[in-house]
Amino acid sequence: MSKEGQALGAVVVGTGFGLFTHVRALRDAGIEVRAIVGRDRERTAQRAAPLGIPLASDDLEQVLADDPAIRLVTVATPPHAHYRPVMQAIAAGRAVMCEKPFAKDLPRAREMLAAAEEAGVVHALGAEFRFDSAQALLRRVVNEGMIGDPLMFSRLYQQPGSGDDEPLADWWTDAAQGGGFLGAFGTHMIDQVLSTIGPIKAVSAILRKLSTNRPAMTSDDYYNVQFVTENGCRGVIEAAMTFPGPFVMATKIAGTKGAAWIQSGAAFGDPEEVWVKNGDGTRQIPMPSELVNPAPEPFGIAELIQTEMDRWHTQGFDVAPYAKLFGQMKARIEGHAPPLPDPGGDFRDAAAGQAVLDAARKSAAEGRWVEVEAV
């Protein structure tokens with residue numbers, strides 16, 4: 001509860017992903033959504049009404065000035081538009097959670113990190129898949145030393161691209177806005193490496209456009225990033241938004257004492273499983289009850305779905321992990337011990353991920369290995 005005896009209140013900035021995922025996850029975490037902010041007040045009100053959000057506005061500063069019960073700001077705007085609402089939240093002394101990709105570039109990421117740390121506010125990165133059941137368990141397996149020191153990390157993901165004719169948000173297709181599949185999806189993979197293996201010191205990247213039906217697209221829809229971490233692990237992350245053929249998804253980590261991986265459940269629709277092969281044999285690692293997430297529930301208001309990303313996000317697969325992320329934040333804001341021992345990402349993690357993202361883009365442009373800048 002807040003200092004005034006009210007439920008902890010939040011305002012969501014962004015009427016796309018913020019509406020589809022943040023609102024539902026905040027409520028699932030026991031946080032009251034008191035307002036939503038968008039660029040156009042009338043349109044924001046129209047989109048907020050079906051979800052029963054009390055206030056729709058285009059002025060975050062005014063919302064925060066008028067409502068002291070709002071102690072958390074979540075930012076789900078395009079990456080080039082993160083800076084202003086994040087800095088407004090910090091200036092108002094509110095906790096803030098910002099989506100990924102965190103910033104347009106590393107200098108802006110450093111500035112937001114410095115401001116949050118100087119103000120002493122709780123800050124978090126929207127890396128919700130740290131709380132995906134299988135990814136969280138795999139991280140525990142590695143951190144507990146079950147496979148020894150990590151030697152090789154491999155993460156592959158290829159979509160067939162059946163939605164090739166659906167519209168994409170402007171920032172996804174425009175490289176100048178920080179868009180592209182590397183920024184939109186690769187940041188999750190980068191965070192998985194950073195939080196499971198450790199800091200990345202150098203990268204060699206390929207960024208390509210494979211779609212044939214989006215002539216105006218200037219950003220990537222395919223990436224392949226090789227990397228080496230500070231502790232000597234090497235690896236590759238690869239993903240394609242449009243790569244005809246079968247769907248491909250795999251995560252494997254090899255170490256000095258064995259290997260661990262994520263694989264699909266025994267039957268279609270079953271949760272993913274984590275397996276280990278080491279000196280004790282090959283076996284499935286039981287999923288701890290606190291890491292189990294409920295089955296996704298699709299978003300039920302079809303008229304609000306406008307783009308291909310909306311279609312993805314309304315499937316609901318990221319709501320439960322996000323609810324856990326917000327649960328961790330809620331505990332920090334209220335001064336309680338967090339529900340889970342697994343740490344969520346903060347702005348320092350966000351800046352570290354941005355440094356890798358910038359280095360990968362530079363590597364792809366120059367065709368060489370690039371060292372990752374220190375945060």
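The following legends describe three close-up views of a predicted model.

**View 1. Glu99 and its surroundings.** Glu99 lies in the loop that connects β5 (95-98) with α5 (106-119). This residue is buried yet has no salt bridge. Its nearest side chain of opposite charge belongs to Lys100, 4.7 Å away, and a salt bridge requires a distance within 4 Å. The side chain of Glu99 does, however, make a polar contact with the side chain of His22 (2.9 Å). Beyond its neighbours within four places in sequence, Glu99 is in contact with several residues, among them Phe17, Val75, Ala76, Leu125 and Tyr322.

**View 2. Helix α6 and what covers it.** Helix α6 comprises residues 133-143, and ten of its eleven residues are buried. Among these buried residues are Ser133, Gln135, Leu137, Arg139 and Arg140. The elements that cover them include β7 (150-158), α8 (181-196) and β11 (248-255). At the start of α6, a side-chain oxygen of Asp132 comes within 3.2 Å of the backbone nitrogen of Ala134. After the helix comes Gly145, which has a positive phi, near 80 degrees.

**View 3. The open sheet and helix α11.** Nine strands, in the order β14-β13-β12-β11-β7-β10-β9-β8-β15, form an open sheet with mixed pairing. Its edge strands, β14 and β15 (370-371), each pair on one side only. Strands β13 and β14 run antiparallel and are joined by five bridges. Trp275 stands opposite Gln284 in β14. Helix α11 (residues 347-366) packs on the sheet and touches β8 (200-208), β9 (222-229) and β15. The direction of α11 makes about 50 degrees with that of β8.

Notes:
Residues numbered from 1 in each chain as written. Predicted model: local features only at pLDDT ≥ 70, side-chain atom pairs only at ≥ 80, totals over all residues. Heavy atoms only, no water. Helix = DSSP H or I, 4+ residues; strand = E, 2+ residues; numbered from the N terminus. Buried < 20%, exposed > 50% of the residue type's maximum accessible area, 1.4 Å probe, protein only. Lys, Arg positive; Asp, Glu negative; His and termini not counted. Polar contact = N/O pair within 3.5 Å; in protein donor to acceptor, adjacent residues only side chain to side chain. Contact = heavy atoms within 4.5 Å. Pairing = 2+ DSSP bridges. Axes fitted to C-alpha atoms, helices over the stretch in contact; angles between N-to-C directions.
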